[in-house]
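Please look over the model below before reading on. The notes that follow are short and numbered.

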Amino acid sequence: MKTTFDDMTADFAWLERELLAFIDERELNGVMPSLESLRSARRQDLLDGLERHGGRRAVAERLGLGLAIPRKPYGTWQQPGKIDRELL
């Protein structure tokens with residue numbers, strides 16, 4: 001039976017292998033590539049795989065990769081006093 005694109009991107013082992021190869025080729029040293037860098041490299045397969053497995057942040061956490069630009073979790077800025085503490 002022939003492997004389809006959907007089967008391929010649904011397989012986390014495939015995503016891990018391809019993503020780590022991409023990171024090594026670009027010498028990103030354990031940092032998850034940005035979505036823009038994946039688009040620029042025309043790696044729609046990796047973009048689809050990331051989406052299927054919970055998004056860039058979830059996959060980075062699962063693989064122990066850092067994010068180039070760490071983001072605050074959703075809802076951080078709605079916490080009372082959080083903005084004041086961050087600015088001071």
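**Notes on helix α5 and the core**

1. L19 touches M32, P33, L46, L50, V59 and L63, leaving out residues up to four places away in sequence. Contact here means heavy atoms within 4.5 Å.

2. A word on the source. This is a predicted model, where local features need pLDDT of at least 70, side-chain atom pairs count only at pLDDT 80 or more, and totals for chains, interfaces and linings use all residues. Residues are numbered from 1 along each chain as its sequence is written, and side-chain values use heavy atoms, with hydrogens and water left out.

3. The largest nonpolar core has 16 residues. Such a core is a set of buried Ala, Val, Leu, Ile, Met, Phe, Trp, Tyr and Cys residues joined through side-chain atoms within 4.5 Å. L15, L19, M32, L46, L50 and V59 have the most contacts inside it. Helix α2 gives the largest share, 6 residues.

4. Helix α5 spans residues 56-63 (helices are DSSP runs of H or I, at least four residues; strands are runs of E, at least two; both are numbered from the N terminus). R56, V59, A60 and L63 are buried there. Buried means under 20% relative accessible area, exposed over 50%, partly exposed in between (1.4 Å probe, protein chains only).

5. The buried residues of α5 fall within an arc of 100° seen down the axis, so they line one face of the helix. The arc is taken from the directions from helix axis to C-beta atoms. E61 and R62 are exposed on the face turned away.

6. L63 is in contact with F12, E16 and L19, setting aside neighbours within four places in sequence. Just after α5, G64 takes a positive phi of about 70°.
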